[in-house]
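Work through the exercises below with the sequence and the model side by side, and try each task before you read its solution.

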Amino acid sequence: MTLIYAGLSLGAVYALVAIGYNIVFVASRSFNFAQAQLMMIGAFVAYAGHVTFGLPAVAVIVLAMVVVMVIAAIEERIAVRPVADHQTQLITTLGFGTVLTGLAQLIWGTQPLEVPFIGSKEAITLAGGRVYTFEIGLIVMAVVLVVGIHLYTRRRLNGLAVVAMSQDAEAAVLRGVNVRMLAFSAFAVTGLLAGLMGFFIGPKTFAVATLGSALALKGFVALAIGGFGSFYGGLAGGFTVGLVEEHAARYLGSEFSNLSVFAILLLVLMIRPTGLFGKVQERMV
Amino acid sequence: MKAWTALRAVPSWAYPALLGVLLLALPFLGAGYGLTRQVELTLIMALIVSGLNLSLGYAGQLAIGQVAMYAAGAYTAAILSKAGTTDLLVHLVAAGLAALVVGILTGIPGLRLGSWSLAMTSFFLVLLVPDVVTILEEHTGGAHGLSGIPAATLFGYQLAPEDFYFCVVAVAILWFAAFRNIVASRHGIAFQVLKQSPVLASSVGMSIFRTKLAGYAIGAIPAGLAGALFANLDLFVSLDAFTFHVATGALAASILGGSVSVYGALIGAGVVEYGTSQSTSFQEYSLVFFGLFLLIGGVLMSGGLAGAARKLVARLDRAAGVTRGDAAEAPTRLGRIAGGTLEVTGVTKAFGGNQALAGAALRAEPGRVTALIGPNGSGKTTLLNLVCGYYRRDAGTITLDGKEIGTAATHRIARLGVARTFQTPLIPPGITVRDVVASGRYAADPASFGGAILRSRRFRRVQRRDRDRAAEALALVGLTHLADTEAVTLPLGMRRLLEVARALVAEPKVLLLDEVASGLDEAEVETLAALIRRIRDAGCTVILVEHNFGLVLSLADEIVVLARGSVLASGTPAEIEADPRVRDEYLGVNDEDDAVPAGKEEGV
């Protein structure tokens, strides 16, 4: 049971990355390579808030959210908007993420920093397994976010506008949707969420500059398993990756955890390239 | 400007050749160890970067896994050497193959989903390098690295460090020559076309998947070679050389030097290596620098330094009045084209609840123009797309010369001899008029990568034929004087003619023209009509989808009228003109019904 908790909470981290990818993808059909780095910065800001400045938890959350939102907004302006095609956006967002990693290394060094969490530091026993409060927090947050976003895109006019834009930006413009503003907001919102996520993942993963690339990859696998654009799929994919990783590390050895995740990625891409929840779209030329 | 003209008179390959000679002569010019080592490291990096250029710049796939292939090559060479095989040639071949295998195995799943999947699977590869090395600790030395590699030999001759320098330079020269030969062949144009428009690429007979895989897999080879050289340079291999940091550096070098270039890799690798070796503060800030290179390179200078150099050359050329290529007019005669009979029967296609085609039928014969007309949304373009294989039909058969063409992939159908033009001309940016036309011949004569690299006799014959045919087709549509212009800058009428020329060079059995006259003025329509008549008289089967009723009546030998997805009438122009139903339905005499189904006509 302990292993399952560990897998689920790790999976929740990946699911959170996948959510970030998805929001940007649904809103603008582009892929934000720097998503995981935004969360990494969130974790560092949470560390700085807690440890360096000694702020209360609520203030730390707000600080992390605001800082990362501003960074994400800057990213949209300099790395996404000036670039027309999605292929080049891959390069520019990767570049932006690399800059963030480099800056984090310069500011906070290369050693992992432990980020505290609200509540008790001790693990509690639940249904026959040991689990930390921040692990429960992570799982709950991932599920709540996914359900919340799903309801939002289905029920609210703004959510529908985002979906419309992703289907056909030109048509959305003609209907009076401010596409640029929406794409910008999507980035800002992912930044806001990434800050919040950083606060939650920090205790689990620690704040470390290399966090970005590992999270980016695992989050992508979660997305590939679940299907691009599907929030529930990303959640299920994240949990799958987390569970596989923990079990492989436990039973095969730690050097096999990445390999097994990679094997799953290859399998999914070969057998069901659209993911478990993805829709097959007939090519329109 | 005189000096410039003289410089440009030298063939373009002479400059890199000169650089190669200079590098080979470097030790004799009194260069010390520091400089030669810098050159060696730069060339090794340049090999990795040029692999990236091939897959990213030419095949259009962002892949960051070159470092994993570099590692595969290095460990292969090191393990071989430890096992007693020290011959450098064996190392190079084995390392190249190892890298190629890694490239193909990871490229196949990654390429299926398109851009990000390959970026991510290849990125993931870099993450896996330490794990795999640890698992194979027995052979690779794990985290401690593999030391005590015996020095390389060549044909039994022991290579001293000074000799090894020449080997590195020689490998780099050979690879860059091979790379240049690939890029300067039709494969280079094919990569450009594919990158800009996969739809177009498949319509000229390229397999999208295979072409991308070829670019990515061939890009693995130089990384493997670089690995073998690296292992034999320091006679020590460890994980430090194969990190994300190195991977990002290689990508930054590629973007900085210009991904769509051959020699940009040298410049980019030079800058990155020089920076890394010079200052410790650069190393500290290196990730920030690499990131900025990517960011700025992506946003501002899409061609990198090589692109900037090319623009400068073009400007100086114009200033000095240098012209390139053959100005001789090719004869505007059109050779005989063996047409094929295309028969469509009972074809049905629904998009969700919208029945676009319901039992449509058509028969087009060689040497005749068969026109397909009908109101918007009647299924004309859908029918063309079904013939080309862009959609899968729900029912019905399509045959060419009596042979079923099934629901084959688009590029296979193109190879059977079906060429087409598009409602909105698909002309990839950055390619000259001549190359656009030449790209149409991709499927006509197969020419392998190997042939292109070695410039085999067969390759040169095919290349000559490509050039001749392209010149003929250009002359035929009257665009010879614009052959070296960038094709996207042409006005619509000329782009339509260009598309016809591109379709013609493949010597197709069946030519599909999708609303080829729309948006043209009267004079242009006249030119086009004359051209279509000549193509028909040469024996080609022409299918014309057209709204201009006057043009259809004057051109067509046979008219098929579609309405709501099925055939309303068919016959000679005279019969169709007199048919009251056609007048009702198509010319809208008393017809105000059927709203146009959304999305079906906006086209290809």
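A residue is called buried if 20 or more other C-beta atoms lie within 10 Å of its own, exposed if 12 or fewer, and partly exposed in between. The model used throughout is a predicted one.

**Exercise 1. Classify A177(B) by its surroundings, and say where A177(B) is found.**

Solution. Begin with the location: A177(B) is found in helix α8 of chain B, which runs over residues 161-183. Next, take the neighbour count, which is 17 C-beta atoms inside 10 Å, so that A177(B) counts as partly exposed. Finally, look along the chain and through space: A177(B) and W13(B) are 164 residues apart in sequence, yet their C-alpha atoms are 9.0 Å apart.

**Exercise 2. Do the same for E114(A): is this residue buried or exposed?**

Solution. The residue E114(A) is found in a loop of chain A, between α4 (86-108) and β1 (124-126). There are 12 other C-beta atoms within 10 Å of E114(A), and therefore the residue is exposed. As a comparison of sequence with space, E114(A) and M141(A) are 27 residues apart in the chain and 20 Å apart from C-alpha to C-alpha.

**Exercise 3. Determine how helix α16 of chain B sits in its surroundings.**

Solution. The helix α16(B) covers residues 380-388, and 9 of its 9 residues are buried, so this helix is largely enclosed by the rest of the structure. The buried residues can be named in order along the helix: K380(B), T381(B), T382(B), L383(B), L384(B), N385(B), L386(B), V387(B) and C388(B). Just after the helix comes G389(B), whose phi is positive, at about 90 degrees. For chain B as a whole, 51% of the 604 residues count as buried.

**Exercise 4. Describe how α21(B) and α22(B) pack, beginning with the angle and ending with the residues that meet.**

Solution. Helix α21 takes residues 492-505 of chain B and helix α22 takes residues 522-537, and the two pack at an angle of about 10 degrees with their axes 10 Å apart. Because angles under 35 degrees count as roughly parallel, α21(B) is roughly parallel to α22(B). On the side of α21(B), the residues in the contact are G493(B), R496(B), L497(B), V500(B) and L504(B), and they meet E524(B), L528(B), L531(B) and I535(B) of α22(B). Sorted by kind, the residues of this contact divide into 6 nonpolar, 1 polar and 2 charged.

**Exercise 5. Which elements of chain A give two or more residues to the side that touches chain B?**

Solution. Start from the contact as a whole, which takes 37 residues from chain A and 38 residues from chain B. On the chain A side, the elements that give two or more residues are α4, α9 (211-226) and α11 (257-271). Of these, α4(A) gives the most, with 16 residues. The residues on this side of chain A divide into 23 nonpolar, 11 polar and 3 charged. For the complex, the predictor gives an ipTM of 0.80 and a pTM of 0.79.

**Exercise 6. Compare the annotated "transmembrane region" spans with the modelled secondary structure.**

Solution. For chain A, an unreviewed UniProt entry places this feature at several spans, including residues 6-24 and 90-111. In the model, residues 6-24 of chain A are 100% helix and 0% strand, with end C-alpha atoms 28 Å apart. Residues 90-111 of chain A are 86% helix and 0% strand, and their end C-alpha atoms also lie 28 Å apart. For chain B, the annotation, again from an unreviewed entry, covers residues 89-108 and 213-231 among other spans. The span 89-108 of chain B is 100% helix, its ends 28 Å apart between C-alpha atoms, and the span 213-231 of chain B is 100% helix, its end C-alpha atoms 27 Å apart.

**Exercise 7. Where in chain B does the pLDDT fall below 50?**

Solution. Chain B averages a pLDDT of 80, and 91% of its residues score at least 70. Among its elements, helix α1 (residues 2-9) has the lowest mean, 74, and helix α4 (residues 66-82) has the highest, 90. The pLDDT is below 50 over residues 325-330 of chain B, a stretch with 7 contacts beyond near neighbours in sequence. The pLDDT is also below 50 over residues 591-604 of chain B, where the stretch has 26 such contacts. Where pLDDT is low, the predicted coordinates should not be read in detail.

Technical notes
Residues are numbered from 1 along each chain as its sequence is written. Chains are lettered from A and ligands numbered from 1 in the order in which they are written. This is a predicted model: local features need pLDDT of at least 70, side-chain atom pairs count only at pLDDT 80 or more; totals for chains, interfaces and linings use all residues. pLDDT is the predictor's confidence in each residue, from 0 to 100. Helices (H or I, at least four residues) and strands (E, at least two) are DSSP runs, numbered from the N terminus. Two residues are in contact if their C-beta atoms, placed from the backbone, lie within 7 Å. Ala, Val, Leu, Ile, Met, Phe, Trp, Tyr, Cys and Pro count as nonpolar, Asp, Glu, Lys and Arg as charged, and the others, Gly among them, as polar. UniProt positions are given in the numbering used here, feature names are shortened, and annotations may be inferred rather than shown by experiment. Axes are lines fitted to C-alpha atoms, for helices over the stretch in contact, and angles run from 0 to 180 degrees between N-to-C directions. Angles under 35 degrees count as roughly parallel, over 145 as roughly antiparallel, 65 to 115 as roughly perpendicular and the rest as oblique.
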